[in-house]
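Here is a set of short exercises to work through with the model open beside you. Try each task before reading its solution.

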Amino acid sequence: MIRLAILADLHANLAATLAVHADIQRRGLTDIWVLGDLVGKGPRPREVLDWTQAHATRVIQGNWDARVAGATHRPQDLWPRSKLSPEGLAYLGALPYGIEEQFGGAWWRFVHASSRGLFHRLYPHSSLHDQLEAFAPNAQFGLKAHADALVYADMHEALMLDVEGRPLINCGSVGNPLDSTLPCYLVLEFDPHGPSHSATYVRLTYDRDEEISAAEASGMPFTREYVAELLTGAYQKRRARTGE
């Protein structure tokens, strides 16, 4: 079997990332794909970036990665940017938009937010038209195939839908889940000799108190909102004079 551990939205939460990595190792998974948002929101961007570079086999860019690398200049972008080396920022800025691979004769597409752009959101309640459009090619971002299945992140909510026969799967969030307080990742398994696949979500506990302590000692902006999200699993809007 081809077995992939699909992670996303680590958001500089080192404690959750290390807990997920330990679980991946216990399961004997060696192929780790990270679907973006390595940094932003959490207190340890350098450590999570280092972990990703050391252990991930495939990595794509998330919207926060692009923002921290220089796309925007909000307070929540500037703080993690100041903690990363020029080489780390260049790495984030150069990450590819998506991955397209064939498994079992079907084209599987992996993106962070959607097939239309890093800052375009594909919601669970998006229209059927928007959902179907997510499988279409988009040459602007190097998405050449008409996808038979789509795996994405960004919403921080695990989701599995059937869109007129095409799987639409959100892998959930490791570092900032907003459908639970527990980190979530996805295990995909493909039969190399046939058309079948399976998709399994994994949730686990981690040392949340240690992560909160790291956030409170970090001096990062919006610490209160970040801690509230870890404790409740509910999104706390971040507003500043320069924008949300």
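His-21 touches Ile-32, Trp-51 and His-55, with residues up to four places away in sequence not counted; contact here means heavy atoms within 4.5 Å. The model is a predicted one, in which local features need pLDDT of at least 70, side-chain atom pairs count only at pLDDT 80 or more, and totals for chains, interfaces and linings use all residues. Residues are numbered from 1 along each chain as its sequence is written, and side-chain values use heavy atoms, with hydrogens and water left out.

**Exercise 1. Place His-21 in its helix and decide whether it is buried or exposed.**

Step one: find the element. His-21 belongs to helix α1, residues 14-26; helices (H or I, at least four residues) and strands (E, at least two) are DSSP runs, numbered from the N terminus.

Step two: look at the accessible area. His-21 has a relative accessible area of 11%, and buried means under 20%, exposed over 50% and partly exposed in between, with a 1.4 Å probe and protein chains only. His-21 is therefore buried.

**Exercise 2. Treat Asp-130 in the same manner, and find its contacts.**

Step one: Asp-130 sits in helix α6, which covers residues 128-133.

Step two: its relative accessible area is 24%, so Asp-130 counts as partly exposed.

Step three: leaving aside neighbours within four places in sequence, Asp-130 is in contact with Arg-116 and Leu-122. Arg-116 is 14 residues away from Asp-130 along the chain, and their C-alpha atoms are separated by 9.8 Å.

**Exercise 3. Work out the strand order of the sheet that contains β1, and say which strands stand at its edges.**

Step one: write the order. Five strands make an open sheet, β3-β2-β1-β9-β10, with mixed pairing; two strands pair if DSSP finds at least two bridges between them.

Step two: read off the edges. β3 (58-59) and β10 (197-203) each have a single partner strand, so one side of each lacks a neighbour in the sheet.

Step three: follow β1 (residues 2-7) to its partners. With β9 (residues 184-190) the pairing is antiparallel, over five bridges; with β2 (residues 32-34) it is parallel, over three. Ile-6 is a handy landmark: its bridge partner in β9 is Leu-186, and in β2 it stands opposite Trp-33. Ile-2 has Phe-190 as its bridge partner in β9.

Step four: add the helix. α2 (residues 45-55) lies across β1, β2 and β3 and runs at about 135° to β2. For such angles, axes are lines fitted to C-alpha atoms, for helices over the stretch in contact, and angles run from 0 to 180 degrees between N-to-C directions.

**Exercise 4. Do the same for the sheet that contains β4, then trace the pairs at its edges.**

Step one: the order is β4-β5-β6-β8-β7, an open sheet of five strands with mixed pairing.

Step two: β4 (98-103) and β7 (158-163) are the edge strands, each with a single partner, so one side of each is left without a neighbour in the sheet. On average, neighbouring strands of this sheet are turned by 15° against each other, direction ignored.

Step three: β4 and β5 (residues 106-111) run antiparallel, joined by six bridges, and Phe-103 has Ala-106 as its bridge partner in β5.

Step four: six bridges also join β7 to β8 (residues 166-171), again antiparallel. Ala-158 has Cys-171 as its bridge partner in β8. The β7-β8 hairpin has two residues between the strands, and Glu-164 there takes a positive phi near 50°.

**Exercise 5. Describe helix α8 and what it packs against.**

Step one: in α8 (residues 223-232), the buried residues include Thr-223, Tyr-226 and Leu-230.

Step two: the buried residues of α8 pack against α7 (208-218).

Step three: check the residue that follows. Gly-233 comes after α8 and has a positive phi, near 70°.

**Exercise 6. Which helix gives the most to the lining of the largest cavity?**

Step one: among the lining residues are Gln-76, Trp-79, Pro-80, Tyr-226 and Arg-238; lining residues have an atom within 4 Å of a point, and a cavity is a set of points on a 1 Å grid over the protein atoms alone where a 1.4 Å probe fits but cannot get out.

Step two: helix α4 (residues 75-83) gives the most, with three residues.

Technical notes:
On a 1 Å grid over the protein atoms alone, a cavity is a set of points where a 1.4 Å probe fits but cannot get out, and a pocket is an open set with protein on both sides within 12 Å along at least five of seven lines; lining residues have an atom within 4 Å of a point.
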